[in-house]
Structures are given as structure tokens and as C-alpha cells.
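User: Hi! I have a model open and would like to talk through how it is put together. Could you walk me through it?

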Amino acid sequence: MSTSPFQSPDIITFGESMGLLTARDTRGLEYAATLDKTFGGAESNLAIGVARLGHSSGWFGRLGNDPIGNMILKAIRGEGVDVSRAKLSDHEPTGLMIRENASGKASVHYYRKLSAASAMTPDDLDPEYIAGARILHVTGITAAISESGLSTVEAAIHIAKQAGVKVSFDPNLRLKLWSAEKARPVLLRLAEQADYFLPGLDEMKLLYNEESDEKVLERLAAMDAVCIVKGGPDLTYVLADGTLTEVPYFKADQVLDTVGAGDGFCAGFLAGLLKGYTPQEATRLGNLNGSMVIQAVGDWEALPTWAQVEAKLNNVAHVER
């Protein structure tokens with residue numbers, strides 16, 4: 001437990017960030033001559049997104065004390081995110097994901113079994129650090145990577161609830177990590193503890209085993225949480241105080257890479273809450289943030305700054321030279 005007079009960031013999140021290698025060759029990974037190196041992770045993407053929108057954020061997790069782990073830690077810190085609670089392990093490696101786009105079909109291959117992050121336990125949590133935040137954001141990915149990862153998520157939520165810290169939860173269902181059947185009871189149980197639940201419509205169809213949009217929304221409306229449902233027909237659904245609101249998407253001029261759009265949305269939504277916006281107004285900011293992310297390549301590199309968002313909102317013309 002920390003004893004320093006450290007001021008916790010507004011938003012704290014944690015999870016696994018991995019090295020990311022991308023095959024640029026459209027023939028696929030097997031025949032690719034070169035790989036681009038960067039990193040990715042839903043939680044660190046969100047922390048970077050919040051920081052770029054002008055609010056303090058903190059990310060922690062376990063990384064291997066290896067070249068990839070050190071690269072990730074320095075990059076996240078360089079984006080203005082507090083990483084003071086992150087740990088480097090001499091015993092487990094940093095996880096790795098390799099992405100390819102072969103013949104127009106995108107695929108991700110994970111190498112994360114027995115990674116440093118999968119060894120995370122509740123002992124890695126700093127209760128005072130979490131208790132000093134305004135929002136704790138967690139995802140179903142951390143719950144999926146290991147039993148101790150799930151225990152850590154549950155312990156962090158408990159700390160936050162005891163301290164009056166709002167809990168934001170994105171289920172981030174990854175079927176390469178666990179089946180819908182195994183994920184269902186875990187993710188729905190975590191959702192019941194959230195103040196802000198941020199699922200995708202398709203995710204909820206799988207978790208509720210329900211094909212009807214209307215029935216999915218009816219079940220979500222019965223929850224105590226504010227539910228923000230991504231992936232409607234050109235809109236995002238907001239279920240708050242018994243009212244359903246439809247918030248339209250922002251039109252993207254071009255779509256280059258959809259990876260990271262959900263994390264960008266969540267970063268925009270949570271930053272909106274910190275700015276004092278209503279859930280509907282925060283969702284509009286999330287929609288804009290997500291639409292800007294997909295117009296460039298990268299998991300987190302394309303996340304906009306607050307100045308860029310304001311310029312878009314105010315229709316400020318871009319001066320090229």
C-alpha cells in the first residue's frame with residue numbers, strides 16, 4: 001500500500017498491454033517480409049485516450065522486464081499516463097500479438113499464455129491509489145486471461161465501491177480467450193457491479209443468447225447501471241434513468257483501421273463524464289472520438305487530442321501550410 005502523498009489520477013485502469021507486430025504484406029504473416037512493431041491493449045489505449053483529451057489517467061499492469069515490456073512502459077509514460085503502479089517481472093515475459101491482413105481478412109494471433117500480465121493478482125493492487133480516483137475502468141479481457149486476473153478485477157471493483165469510486169466496465173468479449181458460455185456468467189456478474197456499463201450490441205446478443213435488439217435493450221434497461229450500447233444502426237444507445245436515447249454516429253470521411261475504435265469511444269465517453277457532461281453528451285463525445293480513431297492506422301496512435309476534437313466540433317478549417 002502506498003504511503004506517499006500522491007494524488008491519484010482521475011481515471012485508473014489496468015490490464016494486459018502486449019507487444020504488437022503487424023504484417024504489412026497482404027499475402028499474410030506466413031509470407032510477410034517485414035513486421036511493424038508497436039503495442040496495444042484495451043486498457044492502455046483508453047488511458048492514453050483520456051490523457052490526450054486533457055484529463056489525468058493511470059494505467060498499471062505486469063509486463064516482462066524485457067525489451068518489449070520496457071518499450072511499452074516508456075511509450076505509455078510518454079503519453080502522459082501515470083504508470084507508477086506498473087510492475088516489470090523478471091520471471092514472466094511480456095505478451096505478444098501478431099496481426100495480419102491476408103487477402104482482405106484480418107486476423108490476430110495471441111502469444112500471451114503464462115505472460116507477466118496473466119500472473120497479476122490482487123496483491124498487485126494499491127488500494128489507496130484506486131480509492132483516490134474518480135473512475136475505475138475495467139474490462140472483461142483482464143478477467144479472461146487467468147483466474148488470478150479475474151480475482152484482481154473483482155478485488156479492484158470491491159475497493160472502488162467501498163471508496164465511492166465510480167466503476168466503468170467494458171466487457172470486451174474476446175472469443176479467442178474464452179467461449180461465450182464460459183464468459184457469460186462472469187461478465188454479467190461484473191456488469192451488475194458497474195456504474196457505467198459499456199458493451200457492444202453484438203456482445204450482448206451473445207451474452208444474453210438473444211437475437212432481438214429490442215429484447216437486449218429491455219434487459220439492459222433493467223440494470224442499475226447507466227448502459228451505453230455501441231454498435232446500433234449508425235447510432236449508440238444510452239439507457240439512463242429509465243430512458244432510452246439514440247445518439248447518432250459522426251460520419252467518417254474515410255475508414256482506414258477499425259481497431260481501437262471501441263477504446264477511443266470509451267475514452268471519449270469517460271472524459272465527457274469528467275467534463276461534467278450528461279451521459280448523452282458524453283456519448284456524443286465518445287462517438288466523435290471513435291470516428292476520428294478509425295480514420296488513421298494504429299491501436300492508440302490515432303487517438304485525438306482535445307484540441308483536435310474541439311476543432312472538429314467547431315468545424316475549424318485545417319490549414320495545411
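Analyst: Happy to; we can go through the sheets, some helix pairs and one proline. Keep in mind that this is a predicted model.

User: Great, sheets first. What is the strand order in the open sheet of 4 strands?

Analyst: The order is 3-2-7-8, and the pairing is mixed. Strand 3 (35-40) and strand 8 (105-111) are the edge strands, each pairing on one side only. From one strand to the next, the twist averages 25 degrees.

User: And in which sense do strand 2 and strand 7 pair?

Analyst: Parallel: strand 2 (residues 18-23) and strand 7 (residues 96-102) are paired over 4 bridges. If you want to find the register on screen, Gly19 is opposite Leu96 in strand 7, and Leu20 is opposite Met97 in strand 7.

User: What about strand 7 with strand 8?

Analyst: That pairing is antiparallel, over 7 bridges. One pair to look at is Glu100, whose bridge partner in strand 8 is Ser107. The two strands form a hairpin with 2 residues between them, and Ser103 in that hairpin has a positive phi near 55 degrees.

User: Which helix lies across strand 2 and strand 3?

Analyst: Helix 2 (residues 67-78) does, and its direction is at about 60 degrees to strand 3.

User: OK, now the other sheet. How many strands does the one with the order 4-1-9-10-11-12-13-14 have?

Analyst: That open sheet has 8 strands, again with mixed pairing. Strand 4 (57-60) and strand 14 (243-248) each have a single partner strand, so each has one side without a neighbour in the sheet.

User: Can you pick out a pair of strands in there for me?

Analyst: Sure, take strand 12 and strand 13: they run antiparallel and are joined by 3 bridges. Cys227 has Leu239 in strand 13 as its bridge partner.

User: Switching to helices. How do the axes of helix 5 and helix 6 cross?

Analyst: Helix 5 (residues 147-163) and helix 6 (residues 180-191) have axes that come within 11 Å and cross at roughly 15 degrees. Because of that angle, helix 5 counts as roughly parallel to helix 6. The crossing is left-handed.

User: Which residues make that contact?

Analyst: From helix 5 there are Leu150, Val153, Glu154 and Ile157, and from helix 6 there are Val186, Arg189 and Leu190. By class, the contact of helix 5 with helix 6 has 5 nonpolar residues, 2 charged and no polar.

User: And helix 9 with helix 10, what is the crossing there?

Analyst: The axes of helix 9 (residues 261-274) and helix 10 (residues 279-293) come within 7 Å, with a crossing angle of roughly 145 degrees. Helix 9 passes helix 10 in a right-handed crossing.

User: Which residues meet in that one?

Analyst: On the helix 9 side, they include Gly264, Ala267, Gly268, Ala271 and Gly272. On the helix 10 side, Ala282, Leu285, Gly286 and Gly290 are among them. The contact of helix 9 with helix 10 divides into 10 nonpolar, 8 polar and no charged residues.

User: Next one: is helix 7 mostly covered or uncovered?

Analyst: Helix 7 (residues 201-208) is mostly covered, with 6 of its 8 residues buried. The buried ones are Leu201, Glu203, Met204, Lys205, Leu207 and Tyr208.

User: What do those buried residues pack against?

Analyst: They pack against strand 10 (166-170), helix 6, strand 11 (196-197), helix 8 (213-221), strand 12 (226-229) and strand 13 (235-240). Just after helix 7 comes Asn209, which has a positive phi near 55 degrees.

User: Last thing, the proline you promised. Where is Pro9 placed?

Analyst: Pro9 is in the segment before strand 1 (11-14).

User: Buried or exposed?

Analyst: Pro9 has a relative accessible area of 4%; the cut-off for buried is under 20%, so Pro9 counts as buried.

User: What does Pro9 touch, leaving out residues up to four places away in sequence?

Analyst: Pro9 touches Ser56, Ser57, Gly58, Asp82, Tyr129, Gly132, Ala133 and Arg134. For a C-alpha to C-alpha distance, try Pro9 and Val81: they are 72 residues apart in sequence and 8.8 Å apart in space.

Note on methods
Residues numbered from 1 in each chain as written. Predicted model: local features only at pLDDT ≥ 70, side-chain atom pairs only at ≥ 80, totals over all residues. Heavy atoms only, no water. Pairing = 2+ DSSP bridges. Axes fitted to C-alpha atoms, helices over the stretch in contact; angles between N-to-C directions. Contact = heavy atoms within 4.5 Å. Parallel < 35°, antiparallel > 145°, perpendicular 65-115°, else oblique. Left-handed = near helix turned anticlockwise from the far one by under 90°. Nonpolar A, V, L, I, M, F, W, Y, C, P; charged D, E, K, R; others polar. Buried < 20%, exposed > 50% of the residue type's maximum accessible area, 1.4 Å probe, protein only.
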